[in-house]
Amino acid sequence: MHTILPFLLAMVAAIVLLNMWATKLKIAYPILLVVFGLLVSFVPGLPVVKINPDLIFFIFLPPLLFEAAWSISFKEMKRWWRIIGSFAFLVVFFTALAVAVTANYFIPGFTLALGFLLGGIVSPPDAVSTGAIMKFVKIPSTTSAILEGESLLNDASSLIIFRFALIAVGTGQFIWQEASLDFVWMIIGGAGIGLLLAWIFVQVHKRLPTEASSDIALTIIEPYLMYWIAEQFHASGVLAVVCGGLYMSSKRLIFLNSTSRIMGYSVWQSFVFILNGIVFLIIGLELPEIVGGLRSEGIPLRIAIQYGVLVTGILIAARIISSYAAMLATLIFRPSVAPRASSARRRLLMPLMLGWTGMRGVVSLAAALAIPITLENGLPFPNRNLILFITFVVILLTLLVQGLTLPYFIKYGHVFDDFTDEEKDKKAREEIKHQLKQHVYHFLKNKHENELNSHAGLERMLKQWEEKIQTNNTEWMNEKTKDIFFEMLESQRQFLSELNKDISVNEEIIRHQLYQLDLEEERLRMI
């Protein structure tokens, strides 16, 4: 314990320092974490990092998926459900199939079942890496919504492939009828269990006298419960967390107060950041042990690297081909929603850019590490170390090659110049602020007209909103005025929630304004 604890604390410190360095260099921090983990793994005397394969999913996946579900715009997911669904399911299956056929043909000892297992592991792109890169380049909000929605759902689809392939490898057979029924139950059961548990959790938050600290503690426990209970019923724990997280995200204004929302946002940002950092460091730290396993099995390192490069090339090619196929299908069947570009060159480059965003990361590593060491009959799991090594090579190459070049392709290729909506969002933000001011003014004027005539503080409040002037003087604030102010803030939240039902309104702007209202409410509580 005295050896492991300083090592873990050093890992967290390294994650923070590397993130700051990555921000200064304007590159995605997972790239530095993987390289750093690889370099540190060669330092003699460090503890060997080992995680129980049965626990790897349970430790990392539930909170990461839950936070992603809270962050994404469900409205944007519904708006772009066709392309999100095609990338999250059809493209993932096509990629897994391409990897399976390639591995079966080129890698000795790889059956189709092992190929699908590898394909299910490496097929889902990593949302963390893509999101870290997007901080440094400007892309349209629609493209960002598509990538976020895809990353949330493709984890579920790829892990379903992974699970069925794992069963096929372990049993040596694959019965399509049983697999089809299991597949349907995994999807319907996982989604249903997640939604039911999410509804129960919302009621718990609403009806019990919780405060910010207990609310946040419960939200950390809830994704683990969703995942564990769904898995006990042999349903998809991943889908349970995703569906439950989306439901609870849509109800956040109902069962969490402003204090819980503000504090919870900070806690979850830090929690998920550390989890992601640990996983990316583990990618590098695990490599020496994996290489040792390859040598014990008589697989030359050079050959294993070639297999990794081959699979990486198949993944990149499959995603790019899928991007162009999606563009072609949209132009043929849904030309009204196809993106408009000022030139044929930019239209042709757009699917290439979308295909180039397929960096692999956390989910792929977690799936690879979750492969059992032995089969049920006690025999070693076939080619486990080779699968782990290929996964590492895929993650490293996609992060280094695609992750380092993507920002430059976007910036200097001018692909999204026609679609940048920064000016549009700025105007929309100003318009929403103006509507809020009008809403508050009419709210005070119509609902509290008697108090306005008898209370100097309220008259001053009305004048403040009427003239759109902010003041820091709070000496006039009493409990009655506070109550009206809180009521006014709640009215603004309802107004914004109704405004968000308009499909043309950017939900990110709405969420920003809601966060500002939460901050204003907390400021008033301190007076």
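**Figure 1. Helix 22 and helix 23 (residues 507-525) come within 10 Å of each other, axis to axis, and the axes cross at roughly 170°.** This crossing makes helix 22 roughly antiparallel to helix 23, because an angle over 145 degrees counts as roughly antiparallel. By class, the contact has nine nonpolar, two polar and six charged residues. The model shown here, and in every other view, is predicted. On the side of helix 22, the contact is made by Lys-482, Phe-485, Phe-486, Leu-489, Gln-492, Arg-493, Leu-496 and Leu-499. On the side of helix 23, their partners are Ile-510, Gln-513, Leu-514, Leu-517, Asp-518, Glu-520, Glu-521, Leu-524 and Arg-525. Two packed helices are described by the angle between their axes and the distance between the axes.

**Figure 2. Helix 22 covers residues 479-499 and is viewed along its length.** Its 21 residues, at 1.5 Å a residue, should span 30 Å. The C-alpha atoms at its ends are 30 Å apart, so the expected span and the model agree. The buried residues of helix 22 are Thr-481, Lys-482, Ile-484, Phe-485, Met-488, Leu-489, Ser-491, Gln-492, Arg-493, Leu-496 and Leu-499.

**Figure 3. The whole protein has 23 helices and zero strands.** Of its 527 residues, 50% are buried. Among contacts with a separation of 6 or more, 81% join residues that are 24 or more positions apart. The close-ups that follow return to single parts of this fold.

**Figure 4. Helix 6 is largely enclosed by the rest of the structure, since eight of its eleven residues are buried.** These buried residues are Leu-114, Gly-115, Leu-117, Leu-118, Gly-119, Gly-120, Ile-121 and Val-122. Helix 6 runs over residues 112-122 and is followed by a loop that leads to helix 7 (127-134) and holds Ser-123.

**Figure 5. Ser-123 lies in the loop between helix 6 and helix 7.** Is Ser-123 buried or exposed? Its relative accessibility is 2%, so Ser-123 counts as buried; the cut-off for buried is under 20%. The side chain of Ser-123 reaches back to the backbone oxygen of Gly-119, at 2.9 Å. Gly-119 is itself one of the buried residues of helix 6. Leaving out residues up to four places away in sequence, Ser-123 touches Val-92, Thr-95, Ala-96, Ser-158, Leu-315 and Arg-360.

**Figure 6. Val-393 sits in helix 18, which covers residues 384-413.** With a relative accessibility of 8%, Val-393 counts as buried. Which residues does Val-393 contact, apart from its neighbours within four places in sequence? They are Gly-308, Val-309 and Thr-312. Val-393 and Tyr-307 are 86 residues apart in sequence, with their C-alpha atoms 9.0 Å apart in space.

**Figure 7. His-234 and Asn-383 are two loop residues, set between helices 10 and 11 and between helices 17 and 18.** Most residues other than glycine have a negative phi. Phi of His-234 is positive, near 60°, and Asn-383 has a positive phi of about 60° although it is not a glycine. His-234 follows helix 10 (212-232) and precedes helix 11 (237-250). Asn-383 is placed after helix 17 (362-369) and before helix 18. His-234 counts as exposed, at 60% relative accessibility. Asn-383 counts as buried, at 16%.

Definitions and conventions:
Residues are numbered from 1 along each chain as its sequence is written. This is a predicted model: local features need pLDDT of at least 70, side-chain atom pairs count only at pLDDT 80 or more; totals for chains, interfaces and linings use all residues. Side-chain values use heavy atoms; hydrogens and water are left out. Helices (H or I, at least four residues) and strands (E, at least two) are DSSP runs, numbered from the N terminus. Buried means under 20% relative accessible area, exposed over 50%, partly exposed in between (1.4 Å probe, protein chains only). A polar contact is a pair of N or O atoms within 3.5 Å; within protein, one must be able to donate a hydrogen and the other to accept it, and residues adjacent in sequence count only if both atoms are side-chain atoms. Contact means heavy atoms within 4.5 Å. The expected span of a helix is 1.5 Å times one less than its number of residues. Axes are lines fitted to C-alpha atoms, for helices over the stretch in contact, and angles run from 0 to 180 degrees between N-to-C directions. Angles under 35 degrees count as roughly parallel, over 145 as roughly antiparallel, 65 to 115 as roughly perpendicular and the rest as oblique. Ala, Val, Leu, Ile, Met, Phe, Trp, Tyr, Cys and Pro count as nonpolar, Asp, Glu, Lys and Arg as charged, and the others, Gly among them, as polar.
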